[in-house]
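Me: Please take a close look at a single part of this structure and describe it in connection with the elements around it. I would prefer one continuous account.

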Amino acid sequence: MLDRQQIKQVLLNLLLNAIDSMAGAGGRLRVQTRTVVKPGGKVWVHIEIEDTGEGIQETNLEHIFDPFFTTKHESGEHEGTGLGLTIVHQIIQEHHGEIRVKSAVGIGTTFFVSLPALPA
Ligand SMILES: Nc1ncnc2c1ncn2[C@@H]1O[C@H](COP(=O)(O)OP(=O)(O)OP(=O)(O)O)[C@@H](O)[C@H]1O
Ligand SMILES: [Mg+2]
C-alpha cells in the first residue's frame with residue numbers, strides 16, 4: 001500500500017535527474033525492481049535507477065538531499081531548484097522506506113529505493 005501520486009513523484013524526480021545527467025553524450029538508463037523477503041518474513045520492494053551519466057562528485061554526495069542544493073545553474077541546460085531529491089527523501093521517509101546512492105564521476109549514478117510492502 002502506498003500513495004500512488006507521491007511515489008510517482010519520487011520516480012519522476014529520479015528519472016529526470018538521470019536524464020539530465022546524460023544530457024551531453026547520451027547513455028543508458030536502467031530501472032530494476034524486485035521484491036525481497038527479509039529474515040522474519042517482512043517483504044520489501046527494491047527499486048534501482050541507474051544511469052551512465054556524469055556522476056556526482058564525492059564532496060557533493062552528502063549534500064544532494066539538502067533543500068536547494070543544485071549544480072544545475074552551472075550547466076546552462078535548465079535551472080534546477082534543488083528540491084527534487086529533498087522531496088524524494090521526504091516521501092520515502094513518510095513511507096518508512098530507505099534511499100541510498102552510489103556514484104562515480106564519469107561513470108554514472110545508481111539510486112536504491114527500498115519500500116516496505118504493506119498489505120492493502
Ligand atoms: N542521477 C544524477 N546524476 C548526477 N547528478 C545528480 C543525479 N541526481 C542528482 N544529482 C545531483 O544532485 C543535485 C540535486 O538534485 P535535485 O533533484 O535535488 O535538484 P535539481 O535536479 O538540481 O533541481 P530540481 O529541483 O529541478 O530537481 C543535482 O543538481 C545534481 O548535482
Ligand atoms: Mg532534480
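Reply: Helices are DSSP runs of H or I with at least four residues, numbered from the N terminus. On that basis, Pro67 is found in the loop between helix 2 (58–61) and helix 3, and this loop is the part examined here. The model is a predicted one.

Pro67 has 12 other C-beta atoms within 10 Å. A residue is exposed if that number is 12 or fewer, and Pro67 therefore counts as exposed. Beyond residues up to four places away in sequence, Pro67 touches Gly82, Leu83 and Thr86. By contrast, Glu50 is 17 residues apart from Pro67 in sequence and 23 Å apart in space, C-alpha to C-alpha.

Phe68 is found in the loop between helix 2 and helix 3 as well. Phe68 counts as exposed because there are 9 C-beta neighbours inside 10 Å. Its backbone also deserves attention. Most residues other than glycine have a negative phi. Phe68, however, has a positive phi, near 70°. A further case is His96, not a glycine, with a positive phi of about 60°. His96 is placed in the loop between helix 3 and strand 3 (98–104), and is exposed, with 10 other C-beta atoms within 10 Å.

The ligand comes next. Ligand 1 is surrounded by 22 residues, of which Ser21, Thr70, Gly80, Gly84 and Leu85 are the closest. Helix 1 (4–21) and helix 3 (84–94) each contribute at least two residues to this shell, and helix 1 gives the largest share, four residues. By character, the shell divides into 13 polar, six nonpolar and three charged residues.

Leu85, one of the closest residues to ligand 1, also belongs to the largest nonpolar core, which has 11 residues in all. Among the other members of this core are Val10, Leu14, Ile64, Val88 and Phe111. Helix 1, helix 3 and strand 4 (108–116) are the elements that give two or more residues to this core. In soluble globular proteins, nonpolar side chains tend to be buried together. Val88 illustrates the contacts: apart from neighbours within four places in sequence, Val88 is in contact with Val10, Asn13, Leu14 and Ile99.

Finally, the sheet. Four strands form an open sheet in the order 1-2-4-3, with antiparallel pairing. Strand 1 and strand 3 are the edge strands, each pairing on one side only. On average, and with direction ignored, neighbouring strands are turned by 15° against each other. Strand 1 and strand 2 run antiparallel and are joined by nine bridges, among which Val31 has Ile49 as its partner in strand 2. The hairpin of these two strands has five residues between them, and Gly40 takes a positive phi near 105° there. Strand 1 lies largely in the open, because zero of its nine residues are buried. At the other edge, seven bridges join strand 3 to strand 4, again antiparallel, and Val101 has Phe111 as its bridge partner in strand 4. Helix 1 lies across strand 1, strand 2 and strand 4, running at about 20° to strand 2.

Note on methods
Residues are numbered from 1 along each chain as its sequence is written. Chains are lettered from A and ligands numbered from 1 in the order in which they are written. This is a predicted model: local features need pLDDT of at least 70, side-chain atom pairs count only at pLDDT 80 or more; totals for chains, interfaces and linings use all residues. A residue is near a molecule or strand if its C-beta atom, placed from the backbone, lies within 6 Å of it. Ala, Val, Leu, Ile, Met, Phe, Trp, Tyr, Cys and Pro count as nonpolar, Asp, Glu, Lys and Arg as charged, and the others, Gly among them, as polar. A residue is buried if 20 or more other C-beta atoms lie within 10 Å of its own, exposed if 12 or fewer, and partly exposed in between; C-beta atoms are placed from the backbone. Two residues are in contact if their C-beta atoms, placed from the backbone, lie within 7 Å. A nonpolar core is a set of buried Ala, Val, Leu, Ile, Met, Phe, Trp, Tyr and Cys residues joined through C-beta atoms within 7 Å. Two strands pair if DSSP finds at least two bridges between them. Axes are lines fitted to C-alpha atoms, for helices over the stretch in contact, and angles run from 0 to 180 degrees between N-to-C directions.
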